[in-house]
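Let's walk through this model together, starting with the whole chain and ending at a single side chain. Keep the viewer open as you read.

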Amino acid sequence: MEYDFSELAEVIRINSYTKNVEGVNRVGELFREKLEELGYDCEKIRSEIYGDHLYFHAPSTREGKGRILLLGHLDTVFPPGTFEEFREDGEWIYGPGVCDMKGGIMVMVEALRTLPEIANIDILLVSDEEIGSDDSRVHTRRIAGEYDYTLVFEAAGPHGEVVTGRKGIGTFYIDIDGRAAHAGNNYRDGIDANAELAHKLLSLVNLTDVEEGTTVNVGKIEGGIGANTISPHAHMVFEARFTKASERDRVLQSINQIVNTPFIPGTKATLRGGLQRDVMEENRAQREFLKLLEEWSGKTIPTERRGGGSDANIAASAGSTTLDGFGPYGDGDHTIHERASKRSYMDRIELVSSIFRGFLAHQPSGRSTSS
Ligand SMILES: [Zn+2]
């Protein structure tokens, strides 16, 4: 069968770089129209800086049934003029967002269109995921926390894997103040901020434990004035990633300790930044949910864990049983070679719609029932 991608193409051709507020809102409007046609009610959550986040309420509610949240993002990483085409060949569709994740949102819409009735399936589309969801995080956390289940529509794995675990990520900045002095005449008067940075840098990267899935990377350093001056100031930018909550706690504690312990007497360090996305750990509720999805869809659903974060991390840390990767499989995301597999796009629509139909037909187990 031949699927018509023109509806997706229209959305892909609108630039929705996170900072292009107008473009992001235009994409949001197009999806709003599609979802309102299905009976959804749209609640706009305004952002001071970015495009609107859109929260859609299902046309009907059934009591005593679980609730599902579908989570997606409207923005892409491409500034205007860098990558704005849509094209296709026999196997692939190409364009900004075909898999990350306008294609995923389209899968969501197409699957919903196959349902005779929609109940208890709400949707949240945020506008700032690609820059770390700093604005939407508080809303996603609050909203996802009210749902039994959250399905996130980032790209699938190469064999249709859904994502069961994602690393947590924190980004941090350390400023170190010392005291300038002539390196020849007044060496003893100086307090060397660069030397302090070097000590702290090594302590930080030593927190890395690859076996445990924990990495700390000091990606940028700056400091000092010139060769003959003791450096009065130094600055570093680093990130930490972890796959376990216990590792998150260890790393965060150690970072504080490293910041607060001067190696060079007289230096002062300040820390900014923090957790961007909490770790999404695999858990039992998730495994049980996955079993239900397999039952409803009659398919084996492979799983994988990923190093990168997504809004799935936020939903999971809000206590909602969360699975990610319901969009189509693709590659080259975040580059101008982004593409998505047509086959996988069709497979995803079928899988997701069978999950929705199963969800509406059955009482999810593990929920309290009176019968
Ligand atoms: Zn994405």
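Two residues count as being in contact when their C-beta atoms, placed from the backbone, lie within 7 Å. With that in hand, here is a first look at the chain: among contacts between residues at least 6 apart in sequence, 77% join residues at least 24 apart. Please bear in mind that this is a predicted model. The protein chain holds 9 helices and 18 strands, and its C-alpha atoms fill a box of roughly 85 × 50 × 35 Å along the principal axes. Of its 371 residues, 45% count as buried.

How is the chain divided into domains? The domain assignment gives domain 1 (6-166 + 279-361) and domain 2 (168-277). Their centres, taken over C-alpha atoms, are separated by 37 Å. Across the boundary, 8 residues of domain 1 are in contact with 10 residues of domain 2.

Let's visit the stretch from 168 to 277 next. Here you can find an open sheet of 4 strands in the order S11-S13-S9-S14, with antiparallel pairing. Its edge strands are S11 (215-223) and S14 (268-277), each of which pairs on one side only. Neighbouring strands of this sheet are turned by 15° against each other on average, with direction ignored. Inside the sheet, strand S9 (residues 168-177) and strand S13 (residues 233-242) run antiparallel and are joined by 10 bridges; to find your bearings, look for isoleucine 176, which stands opposite alanine 234 in S13. Two helices lie across the four strands. Helix H5 (residues 193-205) lies across S9, S11, S13 and S14 and runs at about 170° to S11. Helix H6 (residues 245-260) also lies across S9, S11, S13 and S14, and its angle to S13 is about 170°.

Now turn to some strands earlier in the chain. Strand S1 (residues 41-45) is joined to S2 by 5 bridges, and the two run antiparallel. Aspartate 41 stands opposite histidine 57 in S2. S2 also runs antiparallel to S6, with 3 bridges between them, and there tyrosine 55 stands opposite leucine 124 in S6. How enclosed is strand S2 (residues 53-57)? Because 4 of its 5 residues are buried, S2 is largely enclosed by the rest of the structure.

A second open sheet to look at has 4 strands in the order S4-S5-S18-S17, with antiparallel pairing. The edge strands here are S4 (87-88) and S17 (330-331), each pairing on one side only. S4 and strand S5 (residues 92-94) run antiparallel and are joined by 2 bridges, with glutamate 88 opposite isoleucine 93 in S5. Helix H9 (residues 342-361) packs on this sheet, touching S5 and strand S18 (339-341), and its direction makes about 60° with that of S18.

H9 deserves a longer stop. The helix has 20 residues and reaches 29 Å from its first C-alpha to its last, close to the 28 Å expected at 1.5 Å a residue. Its buried residues are Ser344, Tyr345, Arg348, Ile349, Leu351, Val352, Ile355, Phe356 and Phe359. A general point helps in reading such a list: an α-helix has 3.6 residues a turn, so residues three or four places apart point the same way. What do the buried residues of H9 pack against? Their partners are strand S3 (68-73), helix H3 (102-113), strand S6 (121-126), helix H7 (284-297) and S18.

One residue of H9, Val352, also leads us into the largest nonpolar core. Of the 83 residues in that core, Leu70, Val107, Met108, Leu151, Phe153 and Val352 touch the most other members. Domain 1 and domain 2 both give residues to this core, so the core lies between them. Leucine 70 shows some of the contacts: leaving out residues up to four places away in sequence, Leu70 touches Met108, Ile121, Ile123, Leu151 and Phe153.

Let's finish with arginine 348, placed in helix H9. Is this residue buried or exposed? A residue is buried if 20 or more other C-beta atoms lie within 10 Å of its own. Arginine 348 has 28 within that distance, so it counts as buried. Apart from its neighbours within four places in sequence, arginine 348 is in contact with Val107, Ala156, Phe326, Gly327 and Pro328. Arginine 348 and alanine 111 are 237 residues apart in sequence, yet 8.5 Å apart in space, C-alpha to C-alpha.

Key. Residues numbered from 1 in each chain as written. Predicted model: local features only at pLDDT ≥ 70, side-chain atom pairs only at ≥ 80, totals over all residues. Pairing = 2+ DSSP bridges. Axes fitted to C-alpha atoms, helices over the stretch in contact; angles between N-to-C directions. Expected span 1.5 Å × (residues − 1). Buried ≥ 20, exposed ≤ 12 C-beta atoms within 10 Å, placed from the backbone. Core = buried A, V, L, I, M, F, W, Y, C linked by C-beta atoms within 7 Å. Domains from an automatic or database assignment.
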